[in-house]
Amino acid sequence: MSTEQKQTVDYTKEVDALLSELRNDDDISQSIDRISVLEKKSRNAADLKSTTRLLVKAVELAIHQRNTTKLKEIVTSFSKKHGQMRTAIVELVRAASSISDEEQTEVYTLQGSEREDLIQSLRVVTEGKMFLEAERARLTYILAQVLLARNETRKARDVLAELSVETFGSLDRRQKTEYLLQQAFLNAQIGDWMQMKIVTNKINTKFFQEDNTQEHKLRYYEYLIRYAIHNDEYLNACRYYREVYDTEVIKSDSSRSKVVLENIVYFVLLAPFNHEQHDLLHRIFNDPVFNTPKLQYQYNLLKCFTTPELMRWAGLEALYGEMLKSTDVFSNRSTDGKGQSRFSEFHKRVLEHNIRVVYKYYTKITLKRLQSFLEVEERVVEEMLSNLVENGTIYAKIDRPAKVVTFTKPKKTEDVLNDFTNNIGRLLSLVETVNYQIEKEKAVQEAFK
């Protein structure tokens, strides 16, 4: 094997003559022997075109006679010839792999064990050769498809994981993305969510700005959404759905866009309260695309959560419970089987909203009064307060004997001293102003005497 050298002799005429004499039904061993003689001459003369034509012809003869054993022997032997040119080997492997790829319609496709054996043989030839990395990636992809068809999903995932296609310089971004998306799909199928996230992180989202990449984008965000929902990362799920909606094929389909917009609302409401969630919630509420008749219920829910007023869970459940439970997000028959737990989580978000509203208007409140606002047991009230205090959303202190909740944060000694200093400063400033006005008035009165 060598890099291309300067051609010394042109064997085009000899190759034309030999190829015209060879017949597809001739004895393949004799035909290969004749090809080998001329191939050696053209290879030593660095005649790339002639060498490639001879190698491809040898492969075509084996394919026509459906002799896979001879085909594997041809590829292995010719690829190991001394001084064999890289481009010729690439064309040799590409021609031999055509019968393993179902997308190659000009030739028949091997099936079953013969197909897998040929792919494995070709992968051995391509192993460790950088100039064959594109062919190795394609063969590996086909092998994974074969294994997946046999329901050997984990084995298919392991085969694809052997290659780090993101480092292959001979593959364009589309090929790399397709390969990585297939890896992500297989990881999702076997439930290896962490590995799936690692794979999707290798995909450059700038690729989705190119033409004809919408389906790739939708697949990419589908896997991210599944990962986020599996790990209860509702705010990320909302962001991913926003990216899905920002796709022309979704916007042009009213039924699909409606589902996506609904999910954006549901997941932003399910996300725990923080500055990011608060900001995203208000941006979604102010987006005109949500204030439409087809999203009336969802928009009203947004309005409830963006208005600093108490929400009664009984009334909310009566108005929206049936509608919410009919969606895949909250249904008992949801795809991941966690619909009921998400509905309970939604109830918690309503309670947290109500506590934040009380925190805004009250400095002190009895547990009994707070319990009446939330319409839950006292134990649940204390648990919700503890969670909100723990994550820093509010400040609260419960006096258990008196059953009083205090929302006013006690001042530190330094803060008290600072306030005292500021108050004294303002007092002296007022005294000075009054003194100035008195002296001014005296001066005026003296002038008129």
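H82 counts as exposed because its relative accessibility is 72%, and the cut-off for that class is over 50%. In this predicted model, H82 is placed in the loop between α4 (68-79) and α5 (86-96). A second residue helps to locate this loop position: K6 lies 76 residues away from H82 in sequence, while the C-alpha atoms of H82 and K6 are separated by 16 Å in space.

From this single site, the view may be widened to the whole chain. The helices that flank H82, α4 and α5, belong to a chain with 21 helices and 3 strands. The radius of gyration of this chain is 37 Å, whereas a compact globule of 449 residues would have a value near 22 Å. The extents of the C-alpha trace along its principal axes are about 130 × 65 × 45 Å.

Within this overall form, 43% of the 449 residues are buried. Of the contacts between residues at least 6 apart in sequence, 61% join residues at least 24 apart. The accessible surface of the chain amounts to about 25100 Å², and carbon and sulfur atoms account for 49% of that area. As to charge, the chain carries 66 positive and 66 negative charges, and the mean positions of the two sets are 3 Å apart.

One segment is annotated in a record. An unreviewed UniProt entry lists residues 236-412 as "domain: PCI". Over residues 236-412, helix makes up 62% and strand 5% of the chain. The end C-alpha atoms of this segment are 38 Å apart.

Definitions and conventions. Residues numbered from 1 in each chain as written. Predicted model: local features only at pLDDT ≥ 70, side-chain atom pairs only at ≥ 80, totals over all residues. Heavy atoms only, no water. Helix = DSSP H or I, 4+ residues; strand = E, 2+ residues; numbered from the N terminus. Rg over C-alpha atoms; globule rule 2.2 N^0.38 Å. Buried < 20%, exposed > 50% of the residue type's maximum accessible area, 1.4 Å probe, protein only. Contact = heavy atoms within 4.5 Å. Areas by Shrake-Rupley, 256 points an atom, 1.4 Å probe, with all protein chains shown as cover. Lys, Arg positive; Asp, Glu negative; His and termini not counted. Charge placed at Lys NZ, Arg CZ, Asp CG, Glu CD. UniProt positions renumbered as here; feature names shortened; annotations may be inferred.
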